[in-house]
Amino acid sequence: MNTVLFSPYTIRGLTLKNRIVMSPMCMYSCDTKDGAVRTWHKIHYSARAVGQVGLIIVEATGVTPQGRISERDLGIWSDDHIAGLRELVGLVKEHGAAIGIQLAHAGRKSQVPGEIIAPSAVPFDDSSPTPKEMTKADIEETVQAFQNGARRAKEAGFDVIEIHAAHGYLINEFLSPLSNRRQDEYGGSPENRYRFLGDVIDAVREVWDGPLFVRISASDYHPEGLTAKDYVPYAKRMKEQGVDLVDVSSGAVVPARIDVYPGYQVPFAELIRREADVPTGAVGLITSGWQAEEIVHNGRADLVFLGRELLRNPYWPYAAAQELGVKIDAPVQYERGWRF
Ligand SMILES: Cc1cc2nc3c(=O)[nH]c(=O)nc-3n(C[C@H](O)[C@H](O)[C@H](O)COP(=O)(O)O)c2cc1C
């Protein structure tokens, strides 16, 4: 059968062999606490490439040391990180997958000792530290750090850059009125709250001409927070600035109860794709081949991002292919496994 899930997809000159994306997932495995790629990362990501994932997006990677969620996160704040990342890129590409990296700053959610910065001095919850409100100089420095990260990602040979603007981390904190109480041009109106992300995108685009994704939290799940509708004009703006795909997640800017069920975020990806006329990625409790096929075949999203299912089964694409009756390539070493 002709599936969309296992059909190639081309985005800004990069052709993915299928629509299956490994969603960025922190491994907290940098035991040296210096942001460097370790053996774990090389095995973990390569295994999913052998498993025939089309695009692997490496976990949230700190553009500054303080921008990490934990001291065990990967980093891209120094040229010293490039060699390890280049090796990781080479390993994944050797097995036929494309590879991207998620550039991140944790903002007020950083648990790294030191000064915690955010758009406003508002803690995440009662048990969280109060961050320092960023000055203009902090903003400029951080935008520059994203640009430096993008340059290093390019030097390391990545195919895709994803800017992490979701899950209540720094960029999301600027976008949402729940965490951004600024009175200057970076706060207040929707346009002003977008300005920081806009600056980051422009800065990245100055040094990166490859495929660029932005991950968003399309709902704050709060009566005064942002909804998927609010993200339609933002997604239009991103597209104008040269963003190729919006990866649509949700939540985590403030504590909230979220009703979670299979495909719960897919309607957000669908709305933004249709209303902003921009390619989207869908993520969240996508676990079966038919479920993934339904999403891409009905045009609800262009790519499906899988998180935990790929932690449970690095060879999930084989299982999905079998479910859909599609024959996909296996590494030559494993072909014997399909003959009886
Ligand atoms: C262990 C773990 C680490 C994660 N780390 C990140 C991350 O670094 N960046 C990100 O955008 N999302 C992260 N997420 C969220 C996933 O990318 C994904 O959006 C979420 O798990 C929902 O998809 P799923 O139901 O397929 O797991 C993480 C999730 C898990 C389970």
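## Overall fold

The protein has 10 helices and 13 strands, both taken as DSSP runs numbered from the N terminus (H or I over at least four residues for a helix, E over at least two for a strand). Its radius of gyration, taken over C-alpha atoms, is 19 Å, close to the 20 Å that the globule rule gives for 340 residues, so it is as compact as a globular protein of that length. That rule is 2.2 Å times the number of residues to the power 0.38. The C-alpha trace spans about 65 × 40 × 35 Å along the principal axes.

This is a predicted model, where local features need pLDDT of at least 70 and side-chain atom pairs pLDDT 80 or more, while totals for chains, interfaces and linings use all residues. Residues are numbered from 1 along each chain as its sequence is written, and side-chain values use heavy atoms, with hydrogens and water left out.

## Around the ligand

There are 15 residues around the ligand (a heavy atom within 4 Å), and Ser 23, Pro 24, Gln 102, Leu 285 and Arg 308 come nearest.

Now for the polar contacts (here, N or O atom pairs within 3.5 Å). The side chain of Gln 102 puts an N or O atom 2.8 Å from a ligand nitrogen. Ligand oxygens pair with backbone instead: a polar atom of Gly 307 at 2.8 Å, and an N or O atom of Ala 60 at 3.1 Å.

Note on methods:
A polar contact is a pair of N or O atoms within 3.5 Å; within protein, one must be able to donate a hydrogen and the other to accept it, and residues adjacent in sequence count only if both atoms are side-chain atoms.
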